[in-house]
Amino acid sequence: MEELSFSEAAARLGLDNTPSPIVRANLKLVAACMEVIRTLLGDKPIVVHSGYRSPQVNKAVGGVTTSAHCRGLACDFVSPAFGAPAEVALAILESDIDYDQLILEYGWVHVGLAQEGLLSRREALTKRSPWVAYELGIRD
Ligand SMILES: [Zn+2]
């Protein structure tokens, strides 16, 4: 929970990143999913880059306002001990983990979950840089 609510940008800019009760409930789903992912990756350590982003923090980092991060439903992470982000994304793609969105980003993996009670889209995408469109599938 702490890892998922910590924001380097918030700390640096002195912004509040305290999750609301609803966001905390969502973050618990993400934390449980990340435990499953860690097991999938052979219990290799996971380094969280970004979990929850409060509206102020999201704005400061230039995130889209509809971002699942703002609802506490997403996690950006790497697991260098397991492999490159593409290898991590492929392992999740081939698993039966119930993700809503799996995105291989330029340097990390984004996993987004559906709100409790909603169906997961199981959408897999690749984004090679901030300036290009999403591609369908996980593409190395
Ligand atoms: Zn993300």
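This is a short walk through a predicted model, with a suggestion at each stop for what to select next.

**Stop 1: the zinc ion**

Start by selecting the zinc ion together with His69, Asp76 and His110. The coordinating atoms are NE2 of His69, ND1 of His110 and two OD atoms of Asp76, at 2.0 to 2.8 Å. If you put angle labels on the four donor atoms, you will find values of 51 to 149°, and the site is irregular. A tetrahedral label would need all angles between 85 and 135 degrees, so the range of 51 to 149° rules that label out. Along the chain, the donor residues follow the spacing H-x6-D-x33-H. Now add a surface: His69 is buried, and Asp76 is buried too.

**Stop 2: helix α3**

Next, select residues 21-40, which make up helix α3. Set a distance between its end C-alpha atoms and you should read 29 Å. At 1.5 Å a residue, the 20 residues should span 28 Å, so the model agrees with the expected value.

Colour the buried residues of α3: Val23, Asn26, Leu27, Val30, Cys33, Met34 and Ile37. Then turn the view to look down the axis of α3; the buried residues fall within an arc of 120°, so they line one face of the helix. What do they pack against? Show α1 (2-5), β2 (74-78), α5 (85-93) and β4 (109-112), and you have the partners of the buried residues of α3. On the face turned away from the buried side, pick out Pro21, Lys28 and Thr39, which are exposed.

While you are in α3, zoom in on Asn26. Is Asn26 buried or exposed? Its relative accessible area is 6%, and the cut-off for buried is under 20%, so Asn26 counts as buried. Leaving out residues up to four places away in sequence, Asn26 touches Arg71, Gly72, Leu73 and Gln115.

**Stop 3: just past the helix**

Move along the chain to Gly42, just after α3, where phi is positive at about 70°. Then select Asp43, in the loop between α3 and β1. Asp43 also has a positive phi, about 60°, although it is not a glycine. That is worth a second look, because most residues other than glycine have a negative phi. With 56% relative accessibility, Asp43 counts as exposed.

**Stop 4: the sheet**

Switch to a cartoon view and find the open sheet of six strands, ordered β1-β2-β4-β3-β5-β6 with mixed pairing. Its edge strands are β1 (47-50) and β6 (135-136), each pairing on one side only.

Now select β3, residues 101-104. Which residues of β3 lie on each side? Gln101 and Ile103 are on one side, Leu102 and Leu104 on the other, and all of them are buried, so both faces of the strand are covered. Follow the pairing of β3 in two directions:

- Towards β4, the two strands run antiparallel and are joined by four bridges; Leu102 stands opposite Val111.
- Towards β5, the pairing is parallel, again with four bridges; Gln101 stands opposite Glu123.

Between β3 and β4 is a hairpin with four residues between the strands, in which Gly107 takes a positive phi near 115°. Finish the sheet by selecting β5 (residues 123-126) and β6: these strands run antiparallel, joined by two bridges, with Thr126 opposite Glu135.

**Stop 5: the loop between β4 and β5**

For the last stop, select Leu119, in the loop between β4 and β5. Leu119 is exposed, with a relative accessible area of 79%. Apart from neighbours within four places in sequence, Leu119 is in contact with Asp100 and Ala114. Draw a C-alpha to C-alpha distance from Leu119 to Cys33: the two are 86 residues apart in sequence and 15 Å apart in space.

Arg122 lies in the loop between β4 and β5 as well. Check its backbone: phi of Arg122 is positive, near 50°, in a residue other than glycine. Arg122 is partly exposed, with a relative accessible area of 33%.

How values were computed: Residues are numbered from 1 along each chain as its sequence is written. This is a predicted model: local features need pLDDT of at least 70, side-chain atom pairs count only at pLDDT 80 or more; totals for chains, interfaces and linings use all residues. Side-chain values use heavy atoms; hydrogens and water are left out. Donors are N, O and S atoms within 2.8 Å of the metal (3.2 Å for Na, K and Ca); water is not among the atoms, so sites may look incomplete. Four donors count as tetrahedral if all angles lie between 85 and 135 degrees; four count as square planar and six as octahedral if opposite donors are over 155 degrees apart and all others between 65 and 115; anything else is irregular. Buried means under 20% relative accessible area, exposed over 50%, partly exposed in between (1.4 Å probe, protein chains only). The expected span of a helix is 1.5 Å times one less than its number of residues. The arc is that of the directions from the helix axis to the C-beta atoms. Contact means heavy atoms within 4.5 Å. Two strands pair if DSSP finds at least two bridges between them.
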